[in-house]
Amino acid sequence: MKIVILNGNPVENTGFDNYLKNLASLLESRNHVVTILKLREMKIKYCTGFFGCWVKTPGKCVIKDDMSNICREYICSDLALFTSPVIMGFPSALLKKAHERIIPLLHPYFEFIQNEVHHLSRYDKYPLIGLLLEKEGDTDEEDIEIISGIYRRTAINLNTSLCFVKLTSDLIEEVANEINSI
Amino acid sequence: MRLTVFNGSPRGTKSNTDILINSFLDGFMRSDGNTYELAYLKRIKESNNFIKLFQATEQVLLAFPLYLDGPPAIVKTFIELLEPLCGRADNPGVGFIVQSGFPEANHSRWLERYLKKLASRLNCEYKGTVIKGGVEGIQALPALASRKLLRSFYKLGKTFGETGEFDQQIVRKLAQPERLTKFQFWRFNLLGKFYWNTMLRKNKAFGKRFDKPYS
Ligand SMILES: Cc1cc2nc3c(=O)[nH]c(=O)nc-3n(C[C@H](O)[C@H](O)[C@H](O)COP(=O)(O)O)c2cc1C
């Protein structure tokens with residue numbers, strides 16, 4: 001499987017980054033192809049919300065930065081692993097910044113999916129989504145439940161589904177097994 | 001009553017959020033002695049001021065568009081700035097407005113849970129979350145239909161200015177429909193297609209609308 005890991009850790013923190021590195025090594029030893037994108041070292045601007053990616057240059061954002069590489073990497077993958085520490089009960093703003101700039105991969109037209117309005121696919125196939133979180137001091141079960149709920153929804157919007165939610169307190173082996181079972 | 005409004009739209013002054021906020025504020029200012037400050041979260045360079053504005057008021061209203069089922073990244077950046085204020089005893093009350101492109105309130109319900117939890121994390125009195133779907137088209141809407149919507153936000157602001165609370169009856173009405181029927185979708189889709197096609201044509205991009213630049 002081709003796997004892209006979006007590292008949404010906003011600050012140098014060797015624990016989190018090492019966890020991803022070790023996870024990537026283990027997955028590679030099981031014949032997966034893994035790319036880690038360290039978002040904090042990439043040039044990513046905030047979405048400006050004017051839908052240029054749908055109505056001016058269909059399929060491509062009008063902002064020129066590293067997001068075009070990320071979009072290409074994303075759409076060519078079988079699994080996109082969104083990863084971040086939980087900050088104020090939600091994944092980092094850094095991860096969200098990249099996440100919302102993926103909409104050029106969708107089409108503006110609407111579709112009725114699971115009896116809700118969503119967007120039409122632009123591509124034939126989208127990667128499945130996994131979520132890996134690091135709890136902060138006050139993160140509780142409810143926080144994880146809310147984040148999971150939001151990601152289950154966002155997966156429908158990205159024309160895919162959320163396969164799993166894992167924590168960095170889980171063994172790396174466990175996360176890799178979860179990915180292997182997809 | 002002192003109110004600070006944060007506009008969390010990446011479109012700033014050119015946003016649908018701004019239109020709704022302005023009607024809300026018109027209503028809010030009907031009560032004698034009420035004052036407000038309005039800050040745009042897209043102006044990230046002013047973020048030091050955001051914290052001051054948050055602390056120097058009795059009520060905060062955070063209004064923003066739904067972005068992939070959550071807050072836009074600029075709003076999340078703002079929320080992260082508030083971390084040092086968690087649990088303080090003197091924090092203001094906080095209410096939210098979440099408006100979205102899709103017409104059903106259903107899309108915003110998980111986010112509503114997040115916002116409620118956020119208020120308790122900050123130790124702010126939670127004033128509730130106003131959810132309004134189908135807002136992307138408002139600038140293209142017939143005057144009558146948009147007037148009705150703006151009237152609701154005016155009334156919402158007026159009651160808030162008098163009581164410091166959202167009028168729950170208006171909140172319930174704004175959140176209609178919770179979900180769509182097949183027929184309602186068919187109608188929404190027709191209008192939606194017209195909306196996007198008009199913009200695509202204006203930008204001479206209609207023929208390219210199905211492009212797949214990354215395949
Ligand atoms: C990147 C992006 C993601 C969006 N995601 C959603 C979504 O998940 N659900 C929805 O109903 N609308 C979504 N929208 C539409 C906006 O919420 C809607 O257009 C809103 O009215 C914009 O408000 P503004 O002008 O105040 O920014 C999205 C728009 C953008 C640009």
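In this predicted model, P177(B) sits in the loop of chain B that runs between helix 6 (168-174) and helix 7 (182-202). The peptide bond leading into P177(B) from Q176(B) is cis. Its omega is near -5°. A second backbone feature is found in chain A. N31(A) is not a glycine, yet its phi is positive, near 70°. N31(A) belongs to the loop between helix 1 and strand 2 of chain A. Most peptide bonds are trans, and most residues other than glycine have a negative phi.

The loop that holds N31(A) also takes part in a salt bridge. R30(A) and E173(A) pair through their side chains, with an N to O distance of 2.8 Å. R30(A) lies in the loop between helix 1 (14-29) and strand 2 (33-38), and E173(A) in helix 6 (residues 172-180) of chain A, so the pair links parts that are 143 residues apart in sequence. Side chains of opposite charge can pair when their charged atoms come close. Over all chains, the search of the whole structure gives 30 salt bridges.

Attention now turns to the interface. Chain A contributes 61 residues to the contact with chain B, and chain B contributes 57. Interface size is often stated as the accessible area lost when the parts come together. Here chain A and chain B bury about 5300 Å² between them. Carbon and sulfur atoms account for 63% of that area. On the chain A side, M88(A), Y109(A) and F110(A) lose the most area to chain B. Together they make up 16% of what that side buries.

Charged and polar pairs also cross this interface. Between chain A and chain B there are 9 salt bridges. One of them joins K117(B) to D143(A), whose closest N and O atoms are 2.9 Å apart. Polar contacts across the interface involve 32 residue pairs, with both residues at pLDDT 80 or more. Several elements of chain A each supply at least two residues to the side that touches chain B, among them helix 3 (67-75), strand 5 (106-113), strand 6 (116-121) and helix 5 (141-157). Helix 5 of chain A gives the largest share, 10 residues. By class, this side of chain A has 27 nonpolar, 16 polar and 18 charged residues.

The ligand is surrounded by 22 residues. The closest are S9(B), R11(B), T17(B), Q99(B) and E136(B). The surrounding residues come from chains A and B, so the two chains share the site. By class, the shell around the ligand comprises 9 nonpolar, 9 polar and 4 charged residues.

Individual polar atoms of chain B approach the ligand. In the side chain of R11(B), an N or O atom is 2.7 Å from an oxygen atom of the ligand. A ligand oxygen atom is also 2.8 Å from a backbone N or O atom of L66(B). At G101(B), a polar backbone atom is 3.1 Å from a nitrogen atom of the ligand. On its own, the ligand has 650 Å² of accessible area, and the protein covers 96% of it.

Notes
Residues are numbered from 1 along each chain as its sequence is written. Chains are lettered from A and ligands numbered from 1 in the order in which they are written. Side-chain values use heavy atoms; hydrogens and water are left out. A residue is near a molecule or strand if one of its heavy atoms lies within 4 Å of it. A polar contact is a pair of N or O atoms within 3.5 Å; within protein, one must be able to donate a hydrogen and the other to accept it, and residues adjacent in sequence count only if both atoms are side-chain atoms. Accessible areas come from the Shrake-Rupley method with a 1.4 Å probe; for residues, only the protein chains shown count as cover. Ala, Val, Leu, Ile, Met, Phe, Trp, Tyr, Cys and Pro count as nonpolar, Asp, Glu, Lys and Arg as charged, and the others, Gly among them, as polar. Contact means heavy atoms within 4.5 Å. Buried area is the accessible area (1.4 Å probe) that two parts lose on being put together, summed over both. A salt bridge is a side-chain nitrogen of Lys or Arg within 4 Å of a carboxyl oxygen of Asp or Glu. Helices (H or I, at least four residues) and strands (E, at least two) are DSSP runs, numbered from the N terminus.
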